[in-house]
Structure formats: C-alpha cells, structure tokens
Amino acid sequence: MDSVTRSPNGFLSSLAADDFELIRPHLRIVDLVQDFVLEEVGETARRAYLPHRGLISLVVKLAKGEHIQIAMIGRDSIFGAFSALGDPTALNSAVVLVSGVASTIDIDRVRTAADQSVTFRAALVRHGLAVYAQVQQTAGCNASHTVESRLARCLLQTHDLSGGDKLFLTQESMAQMIGARRNSVSLVANTLQQANFIQYSRGHIEITNLEGLRKTSCECYATVRAQYERLLRPRDLP
C-alpha cells in the first residue's frame, strides 16, 4: 500500500492496493510538454494520462477557428476515464497547458482493470463525473460572469491542479481558458496585477495573493472545488 499512498497523482493514490496492482506494471512516466496535443477530437483514445505535475486542457474547437477550454485535469485526477468506460472516440481535443510529468497507460489496460474490479470502475466513474461537473460549470460561467472573475477562477484552478504559484501562460492560452479575446485578457491581467494579486510579465505569472483572487472569482471556483471534494474524497471518510 505504501507505493500507492506515495503516488503524486490523486487517482493513483486513492486506489486500494489490489486495484493499483492491476495497472502498476503497465504504467510509465512521460514528460508533459507545454502545447503538445495529446489527443484530437474524433481520434480513437489510446492512452490515459495521470499528471504528477502540470496540467492538461480539454479544448473545443469552433468552426471559425476559436479554441475554448472546457475543463482542466491536473495532479488530482486522470485524463481518459470515460474513454476507458465507453466510446473511445475523443469528443474534444486535449492539450498540455502547463508543463509537467505524468504516468501514462494504454486505455485498453485501464478498461481491462475496470472489467476486473468493481471498485476500480467506481473510481473511474467518480473521476469522470468530477470532470463533467467542471465542464458544466465552465459553460455557465463563460456565459454569465465577467472576464475578471473568470480569469481569477481559472488562475485559482490552475494553481490548485498544477500545484504551483509560478505559471507560464500566454495571453492566447488564457483567452482559451475563459472564452475571451486576447486584448480583454491583457487588460484584466493588468488589473489583477495592479491589485497585487498576481505578478505578470510576458506570460510568466506568479500568484501573490490567493485570498484576493478568491474574492475576485465568481462562485464557480468554490462550486467546482466542492464537487471535486465530494466525488473524489476517500470513500472511508464520513
């Protein structure tokens, strides 16, 4: 069990020893390189990724060329849960947003483990539902809330999921994160910097006041966080 609890990935560390052993021999470590496309919409999913550090962005591509982020997957979860449980055809693209390191495994191996263990399958379902909850909240947020509150939300989520206060995010990637134009992102980032919530220069962001960002963010940050804690907390907790 020690090898499980020491895992830097939340999905892996949540598994019982027997469930972890179903996939342990098939895991390998890979680098997550910023802007690398892990999967394109319409492709057959072949690998799952479990970040230790870094962040994976799930992106929808629109007909006019816009790219809109619908969810992020970081060190707490797994990319590929629903592909292992059902149709392996990708419904969106997956791109590395923040560089890092991940465990990776063939989707077929994950599917086999889910067929062999009810508890392993249940863990996949919970993690898939957590991502789905994030997708739903993001849709409502982008339609209803200000650019400033949306950017604060995304910076908080990026901090939580990647595990770092220092990030490299271009204006383009931030625009994708919140479904806004680049010039709007530049103005709002400067506003957050003037408020001493962040330090921002040429894509380099350092979060200097988490509480200030929380007060600026809309309720969507707390809502998604609460859903994750409910769905992903250890099952033996009350």
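Okay, one bit of vocabulary before we start: when I say helix or strand, I mean a DSSP run, H or I over at least four residues for a helix and E over at least two for a strand, numbered from the N terminus. And keep in mind that this is a predicted model.

With that naming, we've got 11 helices and 8 strands in this protein. The radius of gyration is 18 Å, close to the 18 Å that the globule rule gives for 238 residues, so we can call the protein as compact as a globular protein of that length. If you like box dimensions, the C-alpha trace spans about 55 × 40 × 30 Å along its principal axes. Of the 238 residues, 46% are buried. The accessible surface comes to about 11800 Å², and carbon and sulfur atoms own 50% of that. Then there's the contact order side of things: take the contacts with a separation of 6 or more, and 72% of them join residues 24 or more positions apart.

Right, helix packing. Two packed helices are described by the angle between their axes and the distance between the axes. I've got three pairs for you, and two of them share α11.

Let's take α6 with α11. Their axes cross at roughly 170° and come within 9 Å. Anything over 145 degrees counts as roughly antiparallel, and that's why α6 is roughly antiparallel to α11. On the α6 side, the contact is made by Arg126, His127, Leu129, Ala130, Val131, Ala133, Gln134, Gln137 and Cys141. Facing them from α11 are Cys220, Thr223, Val224, Gln227, Tyr228, Leu231 and Leu232. By class, that contact divides into 10 nonpolar, 5 polar and 1 charged.

Now α11 again, this time with α7. Helix α7 covers residues 147–162 and α11 covers 220–232; they pack at about 30° with their axes 9 Å apart. The cut-off here is under 35 degrees, so these two are roughly parallel to each other. From α7 we have Arg153, Leu156, Gln157 and Asp160, and they meet Cys220, Tyr221, Val224 and Arg225 in α11. This contact has 4 nonpolar, 1 polar and 3 charged residues. If you're following along in the viewer, Cys220 and Val224 turn up in the α7 contact, and they're also in the list for α6.

While we're in this corner, where does Ser217 sit? It's in the loop between α10, residues 210–216, and α11. Relative accessibility there is 11%, and the buried limit is under 20%, so Ser217 counts as buried. Skip its neighbours within four places in sequence, and Ser217 is in contact with Ser149, Ala152, Arg153 and Leu156. Arg153 and Leu156 are names you've just heard, from the α7 side of the contact with α11.

Third pair: α5, residues 107–116, and α6, residues 118–144. The angle is about 125° and the axes are 5 Å apart. That makes α5 oblique to α6. Val110, Ala113, Ala114, Asp115 and Gln116 of α5 meet Val118, Phe120, Arg121 and Leu124 of α6. The tally is 6 nonpolar, 1 polar and 2 charged.

Okay, on to a few single residues, starting with the backbone. Most residues other than glycine have a negative phi. Which way do Asp35 and Arg202 go? Asp35 has a positive phi of about 75°, and Arg202 is positive too, near 50°. Asp35 is in the loop between β1, residues 28–32, and β2; Arg202 is in the loop between β7, 198–201, and β8, 204–207. Buried or exposed? Asp35 counts as exposed at 58% relative accessibility, and Arg202 is exposed as well, at 79%.

Another loop residue is Glu43, between β2, residues 37–39, and β3, residues 47–61. With a relative accessible area of 38%, Glu43 is partly exposed. Its C-alpha is 8.5 Å from that of Leu91, which is 48 residues away along the chain. What does Glu43 touch, leaving aside neighbours within four places in sequence? Pro88, Thr89 and Ala90.

Last one: Leu12, in helix α2, residues 10–14. Leu12 counts as buried, at 3% relative accessibility. Leu12 and Ile23 are 11 residues apart in sequence, with 9.5 Å between their C-alphas.

That's my tour. Over to you.

How values were computed: Residues are numbered from 1 along each chain as its sequence is written. This is a predicted model: local features need pLDDT of at least 70, side-chain atom pairs count only at pLDDT 80 or more; totals for chains, interfaces and linings use all residues. Side-chain values use heavy atoms; hydrogens and water are left out. Axes are lines fitted to C-alpha atoms, for helices over the stretch in contact, and angles run from 0 to 180 degrees between N-to-C directions. Angles under 35 degrees count as roughly parallel, over 145 as roughly antiparallel, 65 to 115 as roughly perpendicular and the rest as oblique. Contact means heavy atoms within 4.5 Å. Ala, Val, Leu, Ile, Met, Phe, Trp, Tyr, Cys and Pro count as nonpolar, Asp, Glu, Lys and Arg as charged, and the others, Gly among them, as polar. The radius of gyration is taken over C-alpha atoms; the globule rule is 2.2 Å times the number of residues to the power 0.38. Buried means under 20% relative accessible area, exposed over 50%, partly exposed in between (1.4 Å probe, protein chains only). Accessible areas come from the Shrake-Rupley method with a 1.4 Å probe; for residues, only the protein chains shown count as cover.
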